[in-house]
Amino acid sequence: MSTINQLEHCSGVERAAALARQQRQAVLISRTLRIDAVDPLDFFAAGTDSYGGERGVLADPGEMLTLVGVGVCDRIDVQTSSRSRFTTVEKEWNRRLERLVTEGPFIKGAGPLLMGGFAFDPEQPGSNTWKTHLSASFVLPKYLLTVRKDGCWLTANRWIAPDENETEIARIWEQEQAELLQRASQSLRDKGPATWEVEEVAPQRWKETVRQSAADIRAGILRKVVLARELRLKAAHPFVPEAVLSQLRREQTNNYLFAMERGNSCFVGATPERLVKRDGDQLLSACMASTIRRSEDPDEDRQLKEQLMQDAKNREEHAAVVSMIRAVFQRECESVEIPDAPTLYTVRNMHHLFTPVTGYTRSDTTLLSMVGHLHPTPAMGGFPQADATAMIREREGMDRGWFAGPVGWIDRNGDGEFVVAIRSGVLRDKCAFLFAGCGIVGDSDPESEYEETKIKFQPMLSALKGAGEE
């Protein structure tokens, strides 16, 4: 009987250990089990003691799929100023998959997958705020919780060396998983600080940058640039990522949730904007640009929605995003479907202009290649892309880090989803750094754009406040 046939009836751990000895190199084992229902944020909190600084959360609107990773089985970090970071991550992931053994059912969103993200602009000078979040950083979690409407699964990932004992590995797994799930069942979450001091970073300088950039756009230097600014919060007690996530989940039900810990910093937020999703041969994206506040008064809110739909400046901004994403999809896909006109996408604090995009891939089109082609869209950078990015680098006066960058996941089949990391901030001990931006065109008014950023800060400010009151 061949070695492969002999291994067919063994457990995944036994097969991986045997192959590691046979090949004289480490083998990656990934085991997926269906488990009783677990609240994903309780699971995230349960990882604090053993895996603090090594946790991640990704959840889509309506929580159709929620991923929570704790611990690190493997890591792919890329610190480069080159656009090759997208292909580097893809190549490194595929190289690891060559030594993969799996056990358990194939479930979309479970099994071996990477969670992580990319900086907005790897050529921006680094800052202390983002020192732990590199140009590209992805983690294969040690333990991955997958929560869907049809069930809950736990994936355990581990490299097995040729000299390791499979019985001992299985015993450790069982013990660690039992302890983790037991802690998650206790629903223990700390509150964050209730109050803090707020520092606006150079608001007058930012307004002057808006004024100067609008003048350059009127002069024909470029068509649009997105300029962001920063708030810094200082509290008497540490900010708690799971408390903030819990509040974001409660308040921002139509948004994607994300949190990516790296050491003592956690990048967390709730974004309405999908960059690209791949499911088999189908690709989905969303053109989302132009924003207006919501009102609690129904008549006023209806007027605001009509104003957004009819406003020439906002329609122009949105059209630039649609044009760019359409061009990428038409180049990379066999066929593309895009509606003729935008609709409204409404979240708790704001209305956005929204146009969905659907494409069907060519054989050589991958999820990460699409992320690289699409980022940054005109909604986050401007148009033309290279000129706008260069102007941001020159004038914005801060390191965006992962703000407005792609954050998401990719599985062993190349399927997954990336979102645009806006409505977000970095939590680090007693400090929080929040970011918000808006699109600048020729007739942009600095005061109006400043007020728009204040609206965009509200989701995170509200979540931080609520996290201290839970």
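**A buried lysine and its surroundings in the predicted model**

At a relative accessibility of 9%, Lys456 falls under the 20% limit and therefore counts as buried. The structure described here is a predicted model. Lys456 is placed in helix α13, which covers residues 446-467. The side chain of this lysine extends to the backbone oxygen of Gly437, at 2.9 Å. Leaving aside residues up to four places away in sequence, Lys456 touches Thr291, Met350, Arg423, Ala436, Gly437 and Cys438.

Helix α13 was examined further for its span and its course. At 1.5 Å a residue, its 22 residues should span 32 Å, and the end C-alpha atoms are 32 Å apart, so the two values agree. The helix nevertheless contains a kink of about 35 degrees at Gln458. This kink lies shortly before the proline Pro459.

Arg423, one of the residues touched by Lys456, is located in the loop between β19 (416-420) and β20 (424-428). With 8% relative accessibility, Arg423 is under the 20% limit and so is classed as buried. Its phi is near 50 degrees, a positive value in a residue other than glycine. Most residues other than glycine have a negative phi. A positive phi is also found at Asp429, where the angle is near 55 degrees. Asp429 belongs to the loop between β20 and β21 (431-440). At 48% relative accessibility, Asp429 counts as partly exposed.

Two cis peptide bonds were also identified, whereas most peptide bonds are trans. One joins His375 and Pro376, with omega about -10 degrees. Pro376 is situated in the loop between α11 (367-374) and β17 (382-383). In the other case, the bond from Phe383 to Pro384 is cis and has omega near -5 degrees. Pro384 occupies the loop between β17 and α12.

A search of the whole structure for aromatic pairs yields 12. In one of them, formed by Phe267 and Trp402, the ring centres are 6.5 Å apart and the planes stand at 90 degrees; the pair is therefore edge-to-face, for which the angle must be over 60 degrees. This pair links distant parts of the chain, its members being 135 residues apart. Phe267 lies in strand β11 (residues 265-271), while Trp402 lies in the loop between α12 (385-395) and β18 (406-411). Both Phe267 and Trp402 are buried. Ring pairs join these two residues with Trp130, Phe258, Phe403 and Phe435 into a cluster.

Aromatic rings also take part in arrangements with arginine. Arg55 is positioned over the face of Phe44, at 3.9 Å from the ring centre. Arg229 is likewise placed over the face of Trp206, here at 5.9 Å from the ring centre.

Helix α10 (residues 312-332) was considered in the same way as α13. Its 21 residues, at 1.5 Å each, should span 30 Å, and this agrees with the 30 Å between its end C-alpha atoms. At the start of α10, a side-chain oxygen of Asp311 comes to within 2.9 Å of the backbone nitrogen of Asn314. Asn314 is among the buried residues of this helix, as are Lys313, Glu317, His318, Ala320 and Val321. Further along α10, Val322, Met324, Ile325, Val328, Phe329 and Glu332 are buried as well. An α-helix has 3.6 residues a turn, so residues three or four places apart point the same way.

Notes. Residues are numbered from 1 along each chain as its sequence is written. This is a predicted model: local features need pLDDT of at least 70, side-chain atom pairs count only at pLDDT 80 or more; totals for chains, interfaces and linings use all residues. Side-chain values use heavy atoms; hydrogens and water are left out. Rings of Phe, Tyr and Trp (its six-membered ring) pair if their centres lie within 6.5 Å; planes under 30 degrees apart count as stacked, over 60 as edge-to-face and the rest as tilted. Helices (H or I, at least four residues) and strands (E, at least two) are DSSP runs, numbered from the N terminus. Buried means under 20% relative accessible area, exposed over 50%, partly exposed in between (1.4 Å probe, protein chains only). A charge sits over a ring if NZ of Lys or CZ of Arg is within 6 Å of the ring centre and within 35 degrees of the ring normal. A polar contact is a pair of N or O atoms within 3.5 Å; within protein, one must be able to donate a hydrogen and the other to accept it, and residues adjacent in sequence count only if both atoms are side-chain atoms. Contact means heavy atoms within 4.5 Å. The expected span of a helix is 1.5 Å times one less than its number of residues. The bend at a residue is the angle between axes fitted to the seven residues ending there and the seven starting there.
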